[in-house]
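Here are a few short exercises to work through with the model open in your viewer. Try each one before you read the solution.

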Amino acid sequence: MFPTPKPIISEALPLLNSPHRIPPLGFGVYQSHGSKCVASCLKAFSTGYRLVDTAQYYGNEAQVGHAVRESGLARSDIFITSKILSPGEDVDATYARIEASVRKLDSRKEGGYVDLFLIHSPNGGSASRKLMWLALERAKSLGKVHDIGVSNYGIGHIEEMREYATTWPPVVNQIELHPWCQQRETVAFCTAHNIVIEAYCPLVRNQKAGDATLVGIAAAKGKSPGQVLLRWSLQKGWVPLPKSDSPVRIEENADIFSFKLSREEMAALDGLDRGRSGAIVQAVTNEI
């Protein structure tokens with residue numbers, strides 16, 4: 001337990017048709033496991049992060065929940081996101097999977113909840129997508145989840161939801177976003193429908209740290225290439241989700257609110273877009 005730090009920034013973003021708000025910067029825990037995951041989350045909380053992003057697929061929900069309990073922070077001060085990748089055989093079985101995640105992340109006997117639960121991927125097919133969404137709607141109606149959204153969804157997947165969704169549009173779409181993969185058509189659609197955009201792989205897994213344009217801007221700002229990438233994402237109005245198990249990097253990635261990129265610097269980074277070929281994980285498919 002440690003002295004309660006102030007959040008990195010208090011200006012959280014509103015979620016559509018929800019009383020809740022989402023912090024503007026998240027902490028990702030993909031491929032972080034065991035005691036290392038707990039330690040990294042605690043470091044993130046002590047640095048001032050208030051959003052932690054996990055998933056059933058990551059296999060570390062219990063560790064994230066442990067860190068939340070150890071942090072000394074009020075549960076209401078931490079925004080927890082998780083994701084479901086595949087459904088059970090029906091809505092009941094799928095809901096049970098979601099409820100199991102909630103118990104791992106917030107183990108209180110009464111009132112445990114997850115702030116945001118997403119469908120991790122549309123790749124399982126239409127029937128799978130429908131089952132997971134209906135189960136998430138049930139979890140929301142029962143107070144197990146505050147808000148529900150999607151990840152890796154293209155325009156067609158979100159439009160398809162109108163056929164069966166009571167809650168539409170999803171409050172969040174989490175997709176791969178960085179200067180080399182900007183997914184502009186999907187971003188424009190989400191913005192038009194007030195869907196908050198979360199950016200995963202905002203640091204491009206350090207694969208572009210030597211890019212001449214990026215390095216030049218970083219040098220001019222006296223910041224690291226990673227800080228410039230995260231600042232670019234913030235100024236786009238997205239919620240970037242950097243991940244690291246390095247205490248130094250965790251702090252560095254949070255130090256992005258004391259400078260701004262100029263219009264010219266933003267345009268230079270915008271010019272690096274390579275469309276679908278720039279993705280390192282998955283560009284969305286807009287037509288289904």
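**Exercise 1.** In which loop does P169 lie?

Solution. Keep in mind that you're looking at a predicted model. Start by finding the two elements on either side: helix α5 covers 155-160 and strand β8 covers 172-176. P169 sits in the loop between them. Now look at the peptide bond that joins W168 and P169: it's cis, with omega at about 0°.

**Exercise 2.** Work out where H120 sits, whether it counts as buried or exposed, and what it is in contact with.

Solution. Step one, the record: UniProt, in an unreviewed entry, lists H120 under "binding site". That annotation may be inferred rather than shown by experiment.

Step two, the place: H120 belongs to the loop that runs between β6 (114-119) and α4 (126-141).

Step three, accessibility: buried means under 20% relative accessible area. H120 has 11%, so it counts as buried.

Step four, the surroundings: skip the neighbours within four places in sequence, and H120 is in contact with A55, Y57, Y58, K83, I84, L85, S151 and N152. Hang on to N152, since it comes back in the next exercise.

**Exercise 3.** Take Q31 and N152, and for each one give the phi angle, the loop and the exposure.

Solution. Begin with the backbone. Q31 isn't a glycine, yet its phi is positive, at about 65°. N152, also a residue other than glycine, has a positive phi near 65°.

Next, the loops. Q31 is found between β3 (26-28) and α1 (34-47), while N152 is found between β7 (145-151) and α5.

Last, the exposure. The cut-offs are under 20% for buried and over 50% for exposed. Q31, with a relative accessible area of 53%, is exposed, whereas N152, with 5%, is buried.

**Exercise 4.** How do α1 and α2 pack, and which residues meet?

Solution. First get the geometry: α1 and α2 (residues 61-70) pack at an angle of about 40°, and their axes are 8 Å apart. Angles under 35 degrees would count as roughly parallel, and 65 to 115 as roughly perpendicular. The two helices, α1 and α2, are therefore oblique to each other. The crossing of α1 past α2 is right-handed.

Then list the contact. From α1 come G34, C37, V38, C41, L42 and F45, and they meet Q63, V64, H66, A67, V68 and E70 of α2. Sorting the residues of this contact gives eight nonpolar, three polar and one charged.

Technical notes:
Residues numbered from 1 in each chain as written. Predicted model: local features only at pLDDT ≥ 70, side-chain atom pairs only at ≥ 80, totals over all residues. Heavy atoms only, no water. Helix = DSSP H or I, 4+ residues; strand = E, 2+ residues; numbered from the N terminus. Buried < 20%, exposed > 50% of the residue type's maximum accessible area, 1.4 Å probe, protein only. Contact = heavy atoms within 4.5 Å. Axes fitted to C-alpha atoms, helices over the stretch in contact; angles between N-to-C directions. Parallel < 35°, antiparallel > 145°, perpendicular 65-115°, else oblique. Left-handed = near helix turned anticlockwise from the far one by under 90°. Nonpolar A, V, L, I, M, F, W, Y, C, P; charged D, E, K, R; others polar.
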